[in-house]
Amino acid sequence: MRTEISASPLVVFRTGFGLMMLLSIIRFWAYGWIDKLYLQPDFHFSYRYFEWVQPLGVYTYGLFAVAAVAACCITVGYRYRLAMVVFFLSFTYIELMDKTTYLNHYYFISSLSLLLCFIPIPAGWAAARGCKIDPLYGNVLRLFVAVVYFYAGLAKLNSDWLLQAQPLAIWLPAKYSIPLLGDLLQQRWVHYGFAWGGAAYDLAIPFLLYWRRTRTMAFALVVVFHVLTRVLFPIGMFPYIMIVSALIFFGPEMHDRILAVLSRIRLPSMPSITSISGRDTRWRHVAITILLLVHLLLPLRYLLYDQELFWTETGYRFSWRVMLMEKAGLATFTVRDAQSDRRAVVDNRQYLTAFQEKQMATQPDFVLQYAHFLAERYRAEGFLEPAVYVDSYVALNGRLSQRYVNPEVDLAAIDIDEPVERWLMPFNDTIYGF
Amino acid sequence: MYRLLYLLPLLLLACEPEPAEVDTASFDRGKMLTFWADQIIVPAYQDFTAAARTLDASVNAYATAPEPTALATVRTDFATAYLSWQRLSPFMVGPGQQLRLREQLNVYPTDSSRLFAQSDADLTLPSNTDIQGFPALDLLLFGTGDPAQHVEQLQRLTDRILYLATEAEDAWTTTYRATYVANSGNSATASVDRTVNSFVQWYERNLRAGKVGIPAGVFGNGPLPDRAEALYSGDLSRALFLEGLDAASNFFDAELGLATYLDALGVRRDGDLLSTRIRAQFREARTQAASLDRDFATQVTTDNGGMLQLYDALQRNVILLKVDMLQALSINVDFVDADGD
């Protein structure tokens, strides 16, 4: 048995996580995005094997409410483990409803909340003071956060990012109206500075946070870096979530102090316990090991495919590739009936929102799923044997647009699991690196 | 030693600046918006309102004395106003969009049976967009045996056009111009993003599809001559198209236009300036259109191949404008969290 240490870092982490989740849900709701993203569209892009996960109509609001209540419970530590399981399930269900909205940080939240289901954290604030726990659990969370940064850093070591400063060279000049920074962001050397600085930051920050002597400085960097990304890019709550997550690297002394402050907030009395790590440790350790292995290995699955990752996006999601691509596209679908000479050109906006259309046009799995949907739609409208063709162009990181999907291929006849290189045009360039 | 790490961010900022290709810092989007408002959009409104007023007056004169010469004047003024509309149509942001000018002025083909059966229809209703505006005037002036039989309806329709034009121009000059110029940021609701999005959408839907693709049958089976613009006047459809194409290329090439903006950002694709590539496509479309019949309805019936070639020339610029240019200018489509995943 290891020497137990104060559980306060975990309690503060739990509090911060719950609070951030609650704020995220309130923000999402207040912007009207539940309606806009999940209720208005007629069609949703599903994840493979999760096609059964669909929005629940008006009950989708209830789903968000459940996640919000669970986030409240997590914040105060009331029925923590149950609340965590409910939060994980409801949040993950929400994310699986439509992959149009996929963001790395949503995946971060889903996988972190699953991990947290297996990490014991004492209830409340005052009641949690003085509680001891196996230091393993804190280290698991530190490793989890460190891997996210480090992998995000590795992914930046590619020729577009380092040698062309792309896509930052496209995004930053558009931020001309930001006070003070606006003019600087037009400079080429600033784009390179951000690119190299960003890669160095992601690769180094886990170590700087871990090493006690650089920790305070590293945390200051975390705050500066994430506030800057918040100002420059539309990434919502992610910067705040990462800032709060980075607190886990601090030792129990600081967290004890935070907990002392939190303890002044009165909660209904909860049972005080002195040690929490004694129970059910074996199955917890097994689950945690499996989750960490997935966390380490899943992002590397792109190595199994030899096409250009940025072009095919096979293995691109769930691998901490953040802000690496500016992809713009245009996809015009034609449905032909093989049994008659009927032919129709599809107005995408009849079925998709502007956001869905934008995401669809540059991602092969979206194109294929949408083509299958169109085939069904036209079959219902009397096409006996609908064949779906697409005239599509994509521009990647400031390259001239080139044809994306092979226009000769009937997408309705392509199986959803068919390798993309059989129906996608080859990429006319090479991107070196991870 | 570790204290030196505090200097890391400073080091990054102190990197030796490369000589910039073009001084993009000096490119002032606020100035560009002022130029768009004062030199392009508001003048287009003024010209159009004047043309609509002239048309309204000549229709009134024709109503008082339905002579053949008066009718000839009405027809000329109709053509002038319709052409003038083409130069305004690409810029439906703000009041133009709120007043639904494009829908109320130029939805075609017009529904001829409803136009005659419901001559007193409420023109403000969205369901009645296809029995008013220029397409309805086109039918009444050129597609009926005697336009004099429809003078009251002609008056109602031209009054409506004049009313809408005046309202939109007033709104632009009195209040909206200031808002438009001040909203110089970068978001889906900022003026640059709105204007460019609306311009590209107009190019794709109204110019490429509406005037050329649909009559050429690109979206269905075979040519549809009755979908041509200005169907009844017969010799106006190519002129209307060319006017729209000129509006597009003039806006692109204006002193502070999109080409200047792209060049200021140093946007090159495969060695060439993107602006040069786009300009060349506008030229190609114009050359292609020059060889076509003045009446697109005739063109698609006699030789649809030429019309399809024009469509292809226009389509190549849809790709350059909508994919390459929107990417290079980082134009936002929608407000949602997204991080380029």
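# A first look at a two-chain model

At 36% relative accessibility, Cys72(A) counts as partly exposed. On this scale, a residue is buried under 20% relative accessible area, exposed over 50%, and partly exposed in between, using a 1.4 Å probe and protein chains only. The model is predicted, with local features needing pLDDT of at least 70 and side-chain atom pairs counting only at pLDDT 80 or more, while totals for chains, interfaces and linings use all residues. Residues are numbered from 1 along each chain as its sequence is written, chains are lettered from A and ligands numbered from 1 in the order in which they are written, and side-chain values use heavy atoms, with hydrogens and water left out.

## Cysteines without partners

How many disulfides does the structure hold over all chains? There are zero, a disulfide being a pair of cysteine sulfur atoms within 2.5 Å. For Cys72(A), the closest cysteine sulfur belongs to Cys73(A), and at 6.6 Å it is too far for a bond. Cys131(A) is in no disulfide either, since the nearest cysteine sulfur, in Cys117(A), lies 19 Å away. Unlike the partly exposed Cys72(A), Cys131(A) is buried, with a relative accessible area of 1%.

## Where the two chains meet

Now to the interface. Chain B brings 50 residues into contact with 63 residues of chain A, where contact means heavy atoms within 4.5 Å. About 4,700 Å² is buried between chain B and chain A, and carbon and sulfur atoms give 58% of that area. Buried area here is the accessible area (1.4 Å probe) that two parts lose on being put together, summed over both.

The rule finds one salt bridge across this interface, meaning a side-chain nitrogen of Lys or Arg within 4 Å of a carboxyl oxygen of Asp or Glu. The partners are Asp347(A) and Arg205(B), with their closest N and O atoms 3.9 Å apart. Chain B and chain A also share ten residue pairs in polar contact, both residues being at pLDDT 80 or more. A polar contact is a pair of N or O atoms within 3.5 Å; within protein, one must be able to donate a hydrogen and the other to accept it, and residues adjacent in sequence count only if both atoms are side-chain atoms.

Which elements give two or more residues to the side of chain B that touches chain A? They are α1 (8-13), α9 (191-213), β1 (268-269) and α14 (304-329) of chain B. Helices (H or I, at least four residues) and strands (E, at least two) are DSSP runs, numbered from the N terminus. Of these elements, α14(B) gives the most, with ten residues. The residues on this side of chain B comprise 24 nonpolar, eleven polar and 15 charged.

## Salt bridges within the chains

Side chains of opposite charge can pair when their charged atoms come close. Over all chains, the structure holds 24 salt bridges.

One of them joins Lys156(A) and Asp202(A), with the closest N and O atoms 2.7 Å apart. This pair links distant parts of the chain, 46 residues apart: Lys156(A) sits in the loop between α6 (135-155) and α7 (159-163) of chain A, and Asp202(A) in helix α9 (residues 188-210) of chain A. Both Lys156(A) and Asp202(A) are buried.

Another is formed by Asp160(A) and Arg399(A), with the closest N and O atoms 2.7 Å apart. Here the partners are 239 residues apart, Asp160(A) in helix α7 and Arg399(A) in the loop between β5 (386-396) and β6 (402-403) of chain A. Asp160(A) and Arg399(A) are both buried.

In chain B, Arg294(B) and Asp235(B) meet in a salt bridge at 3.4 Å, N to O. Arg294(B) lies in the loop between α12 (274-290) and α13 (296-302) and Asp235(B) in the loop between α9 and α10 (237-253), so the pair ties together parts 59 residues apart in sequence. Arg294(B) is partly exposed at 47% relative accessibility, and Asp235(B) is partly exposed at 37%.

## Backbone details

The peptide bond from Gln166(A) to Pro167(A) is cis, with omega near 5°. In chain B, a cis peptide bond joins Tyr108(B) and Pro109(B), with omega about 5°. Two residues other than glycine with positive phi are listed below.

| Residue | Phi | Loop in chain A | Relative accessible area |
|---|---|---|---|
| Tyr49(A) | near 75° | between α2 (33-39) and α3 (60-76) | 59%, exposed |
| Ala165(A) | near 55° | between α7 and α8 | 0%, buried |

Technical notes. Nonpolar A, V, L, I, M, F, W, Y, C, P; charged D, E, K, R; others polar.
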